[in-house]
Amino acid sequence: MPLKLFYYCYGGAHTSVTCASIHLGFLPRDRLPASSAFLSVPFYDKMDNDKLGIPMYMGRDKLGWDIYFMGLKNSKALSLPALRSFLNAFGVPQRQVFFVNALAELHPITSIGGFTSRKLGGVFIGRPMTIWGVRKSYAKFVDLVERVERTLALYASDCT
Amino acid sequence: MKIVYYSGRGAFSAYLSAALHTGHLLAGDAGEASILQQYAWVCRYGKHMGNLVFMGMDEAGREVYWAGYQRHSGMIRRAQEHLKAVFGLSERVVYVDAGDLEGWIPLFLAFYLKHRGPDPGVYSWFARWREKGIARCAKRVSEVKASLKGAKCP
């Protein structure tokens, strides 16, 4: 069974989508993408509040991991044990699942823009703010994804 | 089939309901031993909030769990249901919300335990809450069992 990796953030609309996109090559790693590149990324700034918690499939990477993103609000200390123990109850091996916190690199402007866009409906103002904030922290997201990939590669070599 | 009793704090009405459902606890049981057994969970579950805890099997062979999801139960349930689809898990999960059976005392006790730790006053309030809580939870459990009567376990 393919291994599953979940990037999560607060609303499942910006930082987790960005990390998943970098991971799968929808966004570049060697340069800062233009603002328009984010608008063409699937699911960017699109998550509705009533879909929080739902894992969204983004694609499969070159190591064979299925990449998802999801929004878990600020409940990771509660949600992650809830999800892990749930999978454990079904006999899903813990080694088949990875949860990665994409919020660690959150810029405050992204946060404000996300709230404006998703919560208040001010997409016209909020979405550009999120893009500005994400571009400001972009190198950190690339670094996060590369660290994740190195970990996954070690994981794969440990398993064989 | 798996049955998950959940509430805000977990170790109060969710635990009680799950214990009554599996027969680990009988509705008339107000014995010190069973109070202490639950109190031990009340004192330590706060650090493990969110974790699904296996209580046992009921008479129909269904697995019964309990958990505390605070105010994120809707989101966590959605996440769990969709993870089932992601991993191709077909077993049915029945969620039972026992949060409305808790009241304000567990909220207060959980806050106190987090900041001050256990003490005889907390135990006494907990025992008082439990005395009334058992009947409410037993009623909920009988409603759940009645609704599941005849349901097939996939």
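**Figure 1. The interface of chain B and chain A in the predicted model.** In this predicted model, the area buried between chain B and chain A comes to about 2,300 Å², and carbon and sulfur atoms give 78% of that area. Met75(B), Leu83(B) and Phe87(B) supply 29% of the area that chain B buries against chain A, which is more than any other three residues supply. Counted by residues in contact, the interface brings together 25 residues of chain B and 31 residues of chain A.

**Figure 2. The side of chain B that touches chain A, and the polar pairs across the interface.** Between chain B and chain A, five residue pairs are in polar contact, with both residues of each pair at pLDDT 80 or more, whereas zero salt bridges are found across this interface. Strand 3 (63-68), helix 3 (73-86) and strand 4 (93-97) of chain B each supply at least two residues of the side that touches chain A, and the largest share, nine residues, comes from helix 3 of chain B. Sorted by residue class, this side of chain B holds 13 nonpolar, seven polar and five charged residues.

**Figure 3. The open sheet of chain B.** Four strands of chain B form an open sheet in the order 2-3-1-4, and their pairing is mixed. Strand 2 (53-57) and strand 4 of chain B are the edge strands, each of them pairing on one side only. On average, and with direction ignored, neighbouring strands of this sheet are turned by 25° against each other.

**Figure 4. Strand 1 and strand 3 of chain B, with the salt bridge of Lys2(B) and Glu63(B).** Strand 1 (residues 2-7) of chain B pairs with strand 3 of chain B in the parallel sense, over six bridges, and within this pairing Ile3(B) has Val64(B) of strand 3 as its bridge partner. A search of the whole structure finds 17 salt bridges over all chains. Lys2(B) forms a salt bridge with Glu63(B), in which the closest N and O atoms are 2.8 Å apart. This pair links distant parts of the chain, since Lys2(B) lies in strand 1 of chain B and Glu63(B) in strand 3 of chain B, 61 residues apart.

**Figure 5. The open sheet of chain A and its edges.** In chain A, four strands form an open sheet of mixed pairing, in the order 2-3-1-4. Strand 2 (56-60) and strand 4 (97-101) of chain A each have a single partner strand, so one side of each of these edge strands is left without a neighbour in the sheet. Neighbouring strands of the chain A sheet are turned against each other by 25° on average, direction ignored.

**Figure 6. A strand pair of chain A and the helices that pack on the sheet.** Strand 1 (residues 4-9) and strand 4 of chain A pair in the parallel sense over five bridges, and the bridge partner of Leu5(A) in strand 4 is Phe98(A). Helix 1 (residues 15-24) of chain A packs on the sheet, where it touches strand 1, strand 2 and strand 3 (66-71) of chain A, and the direction of helix 1 makes about 145° with that of strand 1. Helix 3 (residues 76-89) of chain A also packs on the sheet, touching strand 1, strand 3 and strand 4 of chain A, and the direction of helix 3 makes about 170° with that of strand 4.

Notes:
Residues numbered from 1 in each chain as written. Chains lettered and ligands numbered in written order. Predicted model: local features only at pLDDT ≥ 70, side-chain atom pairs only at ≥ 80, totals over all residues. Heavy atoms only, no water. Contact = heavy atoms within 4.5 Å. Buried area = accessible area lost by both parts, 1.4 Å probe. Salt bridge = Lys/Arg side-chain N within 4 Å of Asp/Glu carboxyl O. Polar contact = N/O pair within 3.5 Å; in protein donor to acceptor, adjacent residues only side chain to side chain. Nonpolar A, V, L, I, M, F, W, Y, C, P; charged D, E, K, R; others polar. Pairing = 2+ DSSP bridges. Axes fitted to C-alpha atoms, helices over the stretch in contact; angles between N-to-C directions.
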